[in-house]
Amino acid sequence: MKRTRRERLRPLTERLSRLLATDDGTEILSVLQRLRLEMLAPSTEDASPEQGSLRLGVWDAELQPDGSVEFLRSEDCAEEWRYWADVERIPPKQGARVVLLGESVARGYLYDPAVTPARVLGAMLRVDVVDLARTDLVPGELPELAEALPALEPDAVVLFAGNNWLNAVLDAPEDMELLARAIRRDGFAACREAFLNDVVVKRCGNVLDRMAGILGALEIPVVVVVPEFNLADWRNEPTLLVPVLPKGRNVPWMAALEQAERALVEGRLEDVALHATEMIELDGGTSAVPHELLAKARPADARAHLEAARDAVCGLLLPHSPRCTSHVQELLRSKSSEHGFALVDLPRLFAEHRGGLLPDRALFLDYSHLTLEGIRVAMTEVAERLVPLIGDGAELQAAQIEIDPAEEAAAHFLAAIHNAHYGQSYEVIRHHCSAALDLAPSVSGLMLGFLDYQHGYAEPWMCKSFDEVARRPNVRRYLAPEGRRPMRRLADVILVEAIVDVLASHEIPLQEDGAPPGEPIDLLAGRHQSSTFREEGGYTFGPKPAYRRFFGLVSAFQLRCAAPAPLRLRLTCRVPSANGQSPPVEVRVNGAAIGELPASATWATAELEVPGAEIRAGANRIEIAWPLLEPRWEEQLERAARSLERGVRPDVLPVFGEVHALTAQL
């Protein structure tokens, strides 16, 4: 009898699986996977750009009858327009011209297109400034832009970038192997140092060298702007505590954190510093938390500690807000000196402007995007550097930043949303809501519209209130339908509280978002569980599982109810590090314990009845308290190293609990 293809292949596949199951087989599979990555990588040798075409960002070159070249915005790039300057055409050069290259900070994020740094710089110098700043620009895209600059005939180029340089493309097998070896040597602390020093600094240094070669050959002078960070106000999301640590250090680290926080409440600052120092010794500099504690305990050295806090999470292969680390700042300074670039050092400049105070909300809308004051101070210094480089009688002019108060108010309200979706404090979020109302009381319409579509049933872009909110150009750029991430409906409890607080004299028509009685409500949906982009998207760049992982000891869920009523909760969960001696998992509603279930490493389901007396009309907080257990660090670190060898970003944070399903039924 003729065997089927499956039957013929079975002995071969079984033999292959037995061979790959050995230690040597695992290494062979890893090498084969790395070889596949190399084969799939695009080859620069085979690249052959279309003859006669020249594209600059989203603008295509068009030859004019007089032989000049102008650039017209391409319909082919319509989906990317919102990331670039809102300009239809870049005309041929008429007089002195400066080109601005950069990222979202140079774009004027949240003010754009009402106000942009390029426009402010042009008004100060009275010259043409071509705005080639792009939101989300990564370093590898800079040389391509630089190569097209001769067509613009610039007299000088300003490079205002560095916040996105940690987004170095991590796809080279040798880089993956480097980081895998570092993890096996000393965990994520060694991985972080290798990534920052051997990947980011090396690659970004090469980018600056290439740009120096391109622009130097054309004798085009360059001004480099070193970005600064909102050290005083910005804090990493609370969940990003510390990665999996080697040698069973996670539980001692958490114990030291608890002692430090207790000492801080009691005003024992020396004890705070002592416990924070112990935490740094345990984590090898991979957590912002002890550095932030040291900044409170030793305010005289706050800048150094907050810079260390800013840098700590970088290089851990975790999602976090953009920032320019000390490594990149020093690279920009050293390469500017090496290549003869003029330098505008914002950390130094802002310190002088603020009389030695830490950079704060006076200069920043969020982590790195500048306020109007920040833009004015930065561009004034850039203009001063450009005057001797441009020639043609250029001189610095006094220029006011002109903006409709309603547009500035909208920018502050957008800043409130952005800060909330990155887990910032109620005080910071309320500050921006209040600033918005002080600038233009009419911004209350934006706030009410936001509340309306956030609490509706349909997708935001389907709501009439969204259309009304998005009428302003800068609001549309932030919330536009083609950029769906900012539009995801989240559990904006703190943001809503801040808005309602500043609108205390208004009647707020909040729509309840709970399902009708009798229908189960999925509490894992973003509007009930996720307050931030990271909670919604996950704290990893790797594959997302079909269940929720939680990286803090308490997981919170929000449920709005029209009136008090009994509630039934159904929970399916597990605790990855659980053993027979583990404490139970506790479930709380509005602070009251309503039940518990054994901590199990396998999936377990429990149904809990919540008395109507525990449920409030309005917002209710449901919490799962996980036991504090040491992660299986040897297994997890080895898994992370093998993930990198396969070309996959690893899981980094310890997982305290996992939930497959959580429903509430009124």
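Across this predicted model, the mean pLDDT of the chain comes out at 88, with 90% of residues at 70 or more. Residues 36-51 are a weak spot for confidence, since their pLDDT is below 50. Leaving aside near neighbours in sequence, that stretch makes 5 contacts in the model.

Turning to the interior, the largest nonpolar core takes in 86 residues. Within this core, L386 and M447 have the most contacts. Helix 14, spanning residues 405-420, is the top contributor, putting in 10 residues. As for L386, its partners beyond four places away in sequence are V98, L121, L125, A156, V158 and V223. There is also a second core, separate from the big one, made up of 71 residues; C77, L145, A212 and I220 are among them.

Then there is the helix packing. A pair of packed helices is described by the angle between the axes and the distance between them. For helix 12 (residues 346-353) and helix 13 (residues 372-390), the angle is about 120° and the axes lie 11 Å apart. The crossing of helix 12 past helix 13 is right-handed. On the helix 12 side, the contact is made by L346, R348, L349, F350 and H353, while helix 13 brings E373, G374, R376, V377, A378, E381 and R385. Sorted by class, this contact is a mix: 5 nonpolar, 5 charged and 2 polar residues.

Technical notes
Residues numbered from 1 in each chain as written. Predicted model: local features only at pLDDT ≥ 70, side-chain atom pairs only at ≥ 80, totals over all residues. Heavy atoms only, no water. Core = buried A, V, L, I, M, F, W, Y, C linked by side-chain atoms within 4.5 Å. Buried < 20%, exposed > 50% of the residue type's maximum accessible area, 1.4 Å probe, protein only. Helix = DSSP H or I, 4+ residues; strand = E, 2+ residues; numbered from the N terminus. Contact = heavy atoms within 4.5 Å. Axes fitted to C-alpha atoms, helices over the stretch in contact; angles between N-to-C directions. Left-handed = near helix turned anticlockwise from the far one by under 90°. Nonpolar A, V, L, I, M, F, W, Y, C, P; charged D, E, K, R; others polar. pLDDT = per-residue confidence, 0-100.
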